[in-house]
Structures are given as C-alpha cells and as structure tokens.
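Student: Before we talk about the binding site, could you show me the model and explain how its terms are justified?

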Amino acid sequence: MNILGIDVGGSGIKGAPVDLEVGDFAVPRLRIPTPKKSSPKNVAAVISEICDNFADQIGTDTRIGLTIPAPVVHGKVPFIANLHESWAGLEAAKFFEDQLARPVTLVNDADGAGLAEVYYGAAKGNEGVVIMTTLGTGIGTAIIYRGVLIPNAELGHVELAGHDAETRASSAVKDREGLSYKVWATERLQPYYSHLEMLFSPDLFVVGGGVSRDSDKFLPLLDIKTPIVPAKMRNRAGIVGAALAARDANDHQRVSQ
Ligand code: BGC
C-alpha cells in the first residue's frame with residue numbers, strides 16, 4: 001500500500017505517495033512553495049491541497065506522515081527555529097488531524113531523513129550508532145541505534161565556540177557568509193563533527209541536505225575517525241521518512257488494539 005509522505009521545509013512543502021516496498025515515490029512528487037507567513041494554519045492549507053492532489057492514490061481518510069523542521073514531543077512542538085514562531089507550544093499532531101480530518105503522524109525532518117537512510121540508503125544494514133546530519137537552513141540530526149530511532153536529538157543546537165552550532169556551520173551560513181568549501185569544512189564543520197564524535201562515538205555519520213550533492217568538495221577535508229558518507233536518498237529522504245513514520249504508527253496502533 002502507498003502512504004502519503006509530506007516534507008514541510010522553510011522554502012517548499014513537498015509530498016508524494018510512497019511505495020514502501022521499494023522506498024521511492026509511487027508517482028512524481030508535488031512541490032508547493034511554503035507560504036511567506038509559515039504559520040500552522042497556512043501550512044495546513046498547502047498540505048490539504050497536496051492531500052487532495054493525491055486522493056486517487058491514497059484515499060480520503062488514510063493516515064499520512066508529515067515531517068517538520070522542529071522537534072515533535074508526543075505530538076507537541078516545544079520550540080521552532082526556522083518556521084513562523086506561532087508553532088512553538090502547538091499540539092501540532094492534533095491540530096493537523098483536525099485541519100485535515102484524517103490521522104496524521106508528525107515527525108522531525110531529520111528523524112524522517114535518518115529513518116529513510118537506515119531503511120533504504122547510506123546507513124542500510126548498519127548495526128551500530130548512526131548519526132544523520134542534514135545541512136540546510138539549519139542543522140538537523142537523528143540518532144539511530146541498530147535500526148531504532150532515538151527521536152528529537154537536537155544536535156544542531158549544541159554549543160560551538162560559544163555559538164549555537166547551526167548558526168556557524170549550516171549550509172545557509174556558508175552561503176550567507178560566502179565561505180568556500182575549504183573554509184566551511186575546516187573551520188566550521190571540522191569542530192562540529194569532532195565534537196559530535198567525542199560526545200557519541202558513532203559508527204557512522206550520514207550527511208544530507210541539498211549541499212550533500214557536492215559532498216566530494218568538503219567531506220574528504222574532514223579529519224575525524226568516524227566514517228562519514230553522503231546521504232543516498234537525496235531529496236526523497238524527508239517524504240519517504242514521513243511515510244515510514246506513518247506506517248510505523250499504523251503498525252503500532254494495530255498491536256496495541
Ligand atoms: C531544528 C530541528 C530541525 C533542523 C533542520 C533546526 O533548527 O531545531 O528540529 O531538524 O533545524 O530543519
């Protein structure tokens with residue numbers, strides 16, 4: 001069965017029915033720009049449009065998966081860095097279920113991407129501690145141990161030289177400050193990944209986000225002991241991860257009934 005996965009980002013909201021047998025879109029995805037005022041209500045209107053667009057494939061009352069760029073603690077968003085401030089404190093899962101009149105599973109965007117990489121991508125089959133990092137507007141992170149996600153790791157906000165790490169090392173910062181790959185890698189990413197390595201002793205780092213397309217320009221410059229590889233799912237990771245989370249929620253519900 002296909003499950004609709006939707007990835008809410010700072011610039012675009014993207015969705016597609018996902019064939020979880022293969023970990024790919026069943027039909028091409030739809031992308032709609034994120035509303036300028038990215039409030040929950042405005043985002044819900046776009047999500048509703050995406051649901052309507054794929055109604056033939058997924059039906060009108062099936063569970064969908066949504067990734068958002070914020071932690072999601074039992075359905076609630078405790079704080080928000082890169083969407084409208086009115087998300088902070090929202091009972092978001094309930095809000096979207098009411099707005100969309102269907103069951104919704106909400107998951108952090110990096111957690112979704114990490115799940116997708118573990119099931120189908122660069123971390124497939126890894127039996128140890130995998131840390132997924134997404135370098136974009138912010139830095140998203142996911143910790144997965146033996147295939148099980150430990151949700152809501154907000155390691156993009158660890159302190160680095162007295163700053164919130166994502167304000168020093170995200171790819172948006174690289175662009176904003178006009179840093180070369182070399183300077184970004186050696187001065188910003190190097191201390192970041194060394195710090196995570198010291199804290200978690202992971203078996204593998206996976207690096208996602210749009211900039212991972214150019215990973216050969218910066219990953220080889222990093223001097224760490226942990227293997228570090230680019231993500232494989234590319235721009236499918238969020239949508240596929242959202243659908244995976246929704247499937248897990250369906251399975252869980254079946255078991256607990
Ligand atoms: C948020 C995370 C999110 C990351 C990437 C950070 O600012 O706090 O929850 O995963 O950005 O979108």
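Tutor: What follows is a discussion of the ligand site and the two domains.

Tutor: This is a predicted model, in which local features need pLDDT of at least 70 and side-chain atom pairs count only at pLDDT 80 or more, whereas totals for chains, interfaces and linings use all residues. Residues are numbered from 1 along each chain as its sequence is written, and side-chain values use heavy atoms, with hydrogens and water left out.

Student: What makes a residue one of those that surround the ligand, and which are the closest?

Tutor: A residue counts as near if one of its heavy atoms lies within 4 Å of the molecule; 13 residues surround the ligand, and the closest are N108, D109, E154, H157 and E166.

Student: Why is the approach of D109 to the ligand called a polar contact?

Tutor: A polar contact is a pair of N or O atoms within 3.5 Å, and a side-chain N or O atom of D109 is 2.6 Å from a ligand oxygen atom, so the pair qualifies. E154 likewise has a side-chain N or O atom 2.6 Å from an oxygen atom of the ligand, and for N82 the distance from a polar side-chain atom to a ligand oxygen is 3.3 Å.

Student: How do you know that both domains contribute to the shell around the ligand?

Tutor: The domain bounds, which come from an automatic or database assignment, give domain 1 (3-108) and domain 2 (122-232), and the shell draws at least three residues from each.

Student: What makes residues of the two domains count as in contact?

Tutor: Contact means heavy atoms within 4.5 Å, and eight residues of domain 1 are in contact with seven residues of domain 2.

Note on methods:
Polar contact = N/O pair within 3.5 Å; in protein donor to acceptor, adjacent residues only side chain to side chain.
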